Amino acid sequence: ADFAVAEVQRACLSPRQVVLEVTESELMKDLRAPLEVLSRLRLMRFVLSIDDFGTGYSSLAQLRDIPFDELKIDQSFVHRAAHDPTARAMYDTSLSLAKRLHLRTVAEGVENQADWDLVQSTACDEAQGYLVARPMEASSLPGFRDDWRARSATQFAFRG
């Protein structure tokens with residue numbers, strides 16, 4: 001927690017501007033230490049996101065015990081969910097649970113127009129995947145933002 005605070009201060013940011021992702025599998029290794037650290041980070045106003053939700057061991061207990069702000073729906077539940085009833089059931093269940101717990105939602109693995117349309121039609125808060133953007137250096141963000149505004153007006157218009 002002290003390291004995160006120091007880095008945010010060094011970058012002249014507010015903790016509210018930083019989303020810290022925690023993978024479910026890493027949490028399960030030893031829950032005591034991460035719980036203390038995550039609680040301290042949340043009190044400092046960092047945004048906490050649980051990644052790979054539903055692919056580990058005790059997701060529901062973690063959502064109960066750890067003060068997450070955001071749930072990332074795993075790509076295995078998102079990609080192809082428009083055409084795969086099993087993936088769609090997992091996606092819908094994860095999305096519903098997050099909404100009932102008042103968590104922001106991020107759909108991972110959005111790789112094609114069908115994935116995009118599904119995410120848009122189900123009111124998921126954010127989409128993440130190669131259809132939107134590939135991983136990039138921070139210095140590429142300003143150019144990406146301008147390109148995204150132009151592309152999203154046409155290429156990513158909702159078609160659901």
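Q: In this structure, is Trp116 buried or exposed, and how do I read that from a number?

A: The cut-off for calling a residue buried is a relative accessible area under 20%. In this predicted model, Trp116 has a relative accessible area of 8%, so Trp116 is buried.

Q: And what does the corresponding value say about Trp148?

A: A residue that is neither under 20% nor over 50% is partly exposed, and Trp148, at 22% relative accessibility, therefore falls into that class.

Q: How many aromatic pairs does a search of the whole structure find, and why is the pair of Trp116 and Trp148 given the name it has?

A: The search finds two aromatic pairs. The name depends on the angle between the ring planes, where over 60 degrees counts as edge-to-face and under 30 as stacked. For Trp116 and Trp148 the planes stand at 70°, with the ring centres 6.0 Å apart, so this pair is edge-to-face. Because Trp116 belongs to helix 7 (residues 113–121) and Trp148 to helix 8 (residues 141–154), the pair ties together parts that are 32 residues apart in sequence.

Q: Which pair do Phe144 and Trp148 form, stacked or edge-to-face?

A: Their ring centres are 6.3 Å apart and the planes meet at 25°, so Phe144 and Trp148 are stacked. Both residues lie in helix 8, four residues apart, which is about one turn of the helix. Phe144 is partly exposed, with a relative accessible area of 22%. Ring pairs thus join Trp116, Phe144 and Trp148 into a cluster.

Q: Where does Arg134 lie with respect to Tyr130?

A: Arg134 lies over the face of the Tyr130 ring, at 3.9 Å from the ring centre.

Q: How should I read the largest nonpolar core, and which of its residues touch the most other members?

A: In soluble globular proteins, nonpolar side chains tend to be buried together. Here the largest core has 31 residues, and Leu71 and Tyr91 touch the most other members. Elements giving two or more residues to this core include helix 1 (2–10), strand 2 (47–53) and helix 6 (85–100), and helix 6 gives the most, with four residues. Leaving aside residues up to four places away in sequence, Tyr91 touches several residues, among them Ile73, Phe77, Leu118 and Cys124.

Q: Where in the protein chain is confidence lowest, and where is it highest?

A: Where pLDDT is low, the predicted coordinates should not be read in detail. The mean pLDDT of the protein chain is 85, and 88% of its residues reach 70 or more. Confidence is lowest in helix 2 (residues 24–27), at a mean of 68, and highest in strand 4 (residues 104–108), at 95.

Technical notes
Residues numbered from 1 in each chain as written. Predicted model: local features only at pLDDT ≥ 70, side-chain atom pairs only at ≥ 80, totals over all residues. Heavy atoms only, no water. pLDDT = per-residue confidence, 0-100. Phe/Tyr/Trp six-rings, centres within 6.5 Å; stacked < 30°, edge-to-face > 60°. Buried < 20%, exposed > 50% of the residue type's maximum accessible area, 1.4 Å probe, protein only. Lys NZ or Arg CZ within 6 Å of the ring centre and 35° of its normal. Core = buried A, V, L, I, M, F, W, Y, C linked by side-chain atoms within 4.5 Å. Contact = heavy atoms within 4.5 Å.
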